[in-house]
Amino acid sequence: MASVEQALRQAASLLAGGGIADPRHEARILLGHVMGLTREQVLLRHQSSMDAPQMANLIGLARRRAAHEPIAYLTGAREFWGLSFDVTRDTLIPRPDSETLIEAALRFANRAALNSPRILDLGTGSGCLLISLLTELPSAEGVGTDRSYAALAVARRNASRHGVSARAHFAAGSWGQAVAQHFDLIIANPPYIAATARAGLMPEVRDHEPAEALYAGARGDEAYTAIAPEVLRLLAPSGCAFVELGAGLGDRVATIFRAAGLAECERRKDLAGIARCGVFKRERIG
Ligand SMILES: C[S@@+](CC[C@H](N)C(=O)[O-])C[C@H]1O[C@@H](n2cnc3c(N)ncnc32)[C@H](O)[C@@H]1O
């Protein structure tokens, strides 16, 4: 039997050996996962003991993390917009930067005083964007699309976990292929990494997250080109679209969307000051 403190020390030492930036913090997360404890409970139980199978599980996970598997895939969860989402290797791990889209979409929904907005999430992955909006807008309904059936299964699970299953529908297909009606809000966080940038990515991303969630052709703009006409076709006349921008891609995306008949009305920055969310409306004719 090892004490929690001894186990934490051993796990943190493995993580430090793998070059993990905050080994003690990550060791606590893994230990909490293995023992089914919250972070607060871990802090309070340093003198408790762990049984041998728990210890073996923790050390196995610490070794995998030291080899740069993302911690969210090891624990199966990641927090986004204050909610815990299931994630698997079939889904992108939700990023805090994407909360910029949620803030912008909620601001629009509140200002437009939409009664029961219809929301479309193109490339829903874990469903984090659509589900976060549905929890904030109790009369809204939405559709999440993805080409990955495995990702859609995770999104459905997350919708059920957060009590919005009755208002969240999921459809397989390329972007908006499976939908025909108009939406008041369209959100999309498409893949936007240039294939040529692959080698420079962190191993956590490059070697573990699904390629179809990351890469979008030689310049990183292929998914935007595919999505723009879909947004035009599916956006309600007074609706608004919120599109995540890869760093430095804002002007290129605005040009692609303008060519499709959509006008950029705002570009919002994330907490790091990077332009992260393009806000688009239909271009006014005449
Ligand atoms: C960057 S991830 C975003 C996932 C999630 N919305 C988020 O913000 O965490 C892009 C998603 O688009 C999906 N995708 C890629 N190509 C697609 C296509 N042609 N049609 C539909 N979804 C696609 C991927 O499977 C992936 O789930």
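User: How far from a nitrogen atom of the ligand is a backbone N or O atom of Trp175, and why is this called a polar contact?

Analyst: The distance is 2.8 Å. A polar contact is a pair of N or O atoms within 3.5 Å, so this pair qualifies. (Within protein, one atom must be able to donate a hydrogen and the other to accept it, and residues adjacent in sequence count only if both atoms are side-chain atoms.) Note that this is a predicted model, where local features need pLDDT of at least 70, side-chain atom pairs count only at pLDDT 80 or more, and totals for chains, interfaces and linings use all residues. Residues are numbered from 1 along each chain as its sequence is written, and side-chain values use heavy atoms, with hydrogens and water left out.

User: Which polar atoms of Gly123 and Asn189 lie by the ligand?

Analyst: For Gly123, a polar backbone atom is 2.9 Å from a ligand nitrogen. For Asn189, a polar side-chain atom lies 2.9 Å from a ligand oxygen. Alone, the ligand exposes 600 Å², and the protein buries 97% of that (Shrake-Rupley method, 1.4 Å probe).

User: How many residues surround the ligand, and of what class?

Analyst: There are 16, with Gly123, Asp146, Ser174, Trp175 and Asn189 the closest. A residue counts if one of its heavy atoms lies within 4 Å. The shell has 7 nonpolar, 6 polar and 3 charged residues. Asp, Glu, Lys and Arg count as charged, and Gly counts as polar. Helix H7 (128-136) and helix H10 (211-214) each supply at least two shell residues. Helices are DSSP runs (H or I) of at least four residues; strands (E) have at least two.

User: What makes Tyr192 and Tyr224 a stacked pair?

Analyst: There are 4 aromatic pairs by the rule used here. Tyr192 and Tyr224 form one that is stacked, at 6.4 Å centre to centre and 5° between the planes. Rings pair if their centres lie within 6.5 Å, and planes under 30 degrees apart count as stacked (over 60 is edge-to-face, the rest tilted), so both tests are met. The two are 32 residues apart: Tyr192 is in the loop between strand E8 (183-188) and helix H9 (203-206), Tyr224 in helix H11 (residues 222-234).

User: Where does His68 lie, and what is its phi?

Analyst: His68 is in the loop between helix H4 (52-66) and helix H5 (71-75). Its phi is near 75°, a positive value in a residue other than glycine.

Note on methods:
Phe/Tyr/Trp six-rings, centres within 6.5 Å; stacked < 30°, edge-to-face > 60°.
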